[in-house]
Amino acid sequence: MAPSPPPPAASGAQYAHQFLNTALSQRGPSALPYAEDVKWLIRNHLVALADAFPSLRPRAALFTHNDGRAAHLLQADGTIPMTHGGHVYNLPAVIWLPEPYPRAPPLVFLSPTRDMLIKPNHPLVDRSGLVAGAPYLRSWVFPSSNLLDLARSLSHLFGLDPPLFTRSAPPNPNPPPPASSITPAPAPSPRPPPSEAAMYAPRPYRFPASPQLAARPPPTEDPAEVFKRNAIAKLVDTAYADAAALRTTREAEVEALFAVQAELRGRGVHVNEGVRRITEEKEALERRLLDVMGATNVIETWVAENRKGAADDAGADSAIQPADTLSRQMLECTATDLALEDAIYALDKAVQEGSVPFDGYLRSVRALAREQFFQRVLGTKVNQAQQQAQVARMAARAPPQYVS
């Protein structure tokens, strides 16, 4: 799975970038088991780690889980520098990236050499070399947590309490470390910088001897240094505890937002269903409107064709005329009486529905009734005049009577 080492001229970040572009772009059976949407984040994490810690180089290797499953995973293999007693030491370590990374924290293992021993009852490292008690790993938060901050945190914590010791080193608290295990400060020199092969070459590691393996007890430490170290450790633990509490609060808020999102999605389904029904109803109404417009066109065509005959029928009212003046006056009185009757009936309906105030209704009905009374009196007089005229006409048509 891992490609061949890069040429010596390539830097750690360049090699990491080239290697990860090749490893994470593979498809099919040889593809690494990481989610596609986070591969870019994995590449950024490993490139940033290799840039800050050139001794930690990305690789792909076979990892065996506790249940026996084996998978090809990415790892950062090399050393983590730490400062202890004024000297810089390199801890051999391997940082594995499991399948759910970066949503889950990585697995960090210390890989001591044959002359090294893991400090018993170390608060961060167990007997197998697994770094399980690191606060940064316990408070891992996606997507803000990353490998670079993890390595810096481990470097600081290991400097406060080194987890590895040599088996036969004397119990001197400030031993002069060998030149191969100390990282000296760079000095100006006309010589060219060391090649990558020299940079990543394996170095012998030598750490302070374990108090349990020393031939004599170590001298008493300075109380001020002990207090300072304990205060720093307490501050670090407090900071990580606060981060863990904040993480719990943020997770609860995220869960609440997920619940709101699910509810909004459900409401979105109902809204979409309502929009669909409204769209169907709109289409049905548009079809109905087209039918009505078609029927209107048909009716307008029929009206246009029959308008001439209607104009001819407009003279039907003038075709019938009253026989005399009394008949015309009787027709007008009767029509006026019926019209007043209809007006009074309409006022009755309006006052029942509350459309006309009662006082206005009384005034209007009084005026209409008075007018109706006059029209009826006039109609009665016209009727009597018609009867007298009819009697006069009948008398005029009767034969003369002779006295015998």
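**Exercise 1.** Leaving aside neighbours within four places in sequence, which residues is Phe158 in contact with?

*Solution.* Ground rules come before the list. This is a predicted model, where local features need pLDDT of at least 70, side-chain atom pairs count only at pLDDT 80 or more, and totals for chains, interfaces and linings use all residues. Residues are numbered from 1 along each chain as its sequence is written, and side-chain values use heavy atoms, with hydrogens and water left out.

Now take contact as heavy atoms within 4.5 Å. For Phe158 that gives Met82, Leu91, Leu110, Leu124, Val125, Val131 and Pro163.

Next, look at the nonpolar core, meaning buried Ala, Val, Leu, Ile, Met, Phe, Trp, Tyr and Cys residues joined through side-chain atoms within 4.5 Å. Buried is under 20% relative accessible area, exposed is over 50%, and partly exposed is in between (1.4 Å probe, protein chains only). The largest such core has 55 residues, and Phe158 is listed with Leu74, Leu97 and Val131 as having the most contacts inside it.

**Exercise 2.** Work out what helix H8 should span, and what it packs against.

*Solution.* Helices (H or I, at least four residues) and strands (E, at least two) are DSSP runs, numbered from the N terminus. The expected span is 1.5 Å times one less than the number of residues. H8 covers residues 358-397, 40 residues, so it should span 58 Å. The end C-alpha atoms sit 57 Å apart, which agrees.

Then pick out the buried residues of H8: Gly360, Tyr361, Val365, Gln372, Gln375, Gly379 and Val382. They pack against helix H7 (325-353).

**Exercise 3.** Set two salt bridges side by side: Asp161 with Lys119, and Arg276 with Glu273.

*Solution.* Start with the rule: a side-chain nitrogen of Lys or Arg within 4 Å of a carboxyl oxygen of Asp or Glu. The count comes to 14 salt bridges.

For Asp161 and Lys119, the N to O distance is 2.8 Å. This pair links distant parts of the chain, 42 residues apart: Asp161 is in the loop between helix H4 (147-160) and strand S6 (164-166), Lys119 in the loop between strand S5 (116-118) and helix H3 (135-138). Asp161 is partly exposed because its relative accessible area is 22%, and Lys119 counts as partly exposed at 25%.

For Arg276 and Glu273, N to O is 2.1 Å. Both lie in helix H6 (residues 223-313), three residues apart, about one turn. Salt bridges that share partners join Glu273, Arg276, Arg277 and Glu280 into one network.
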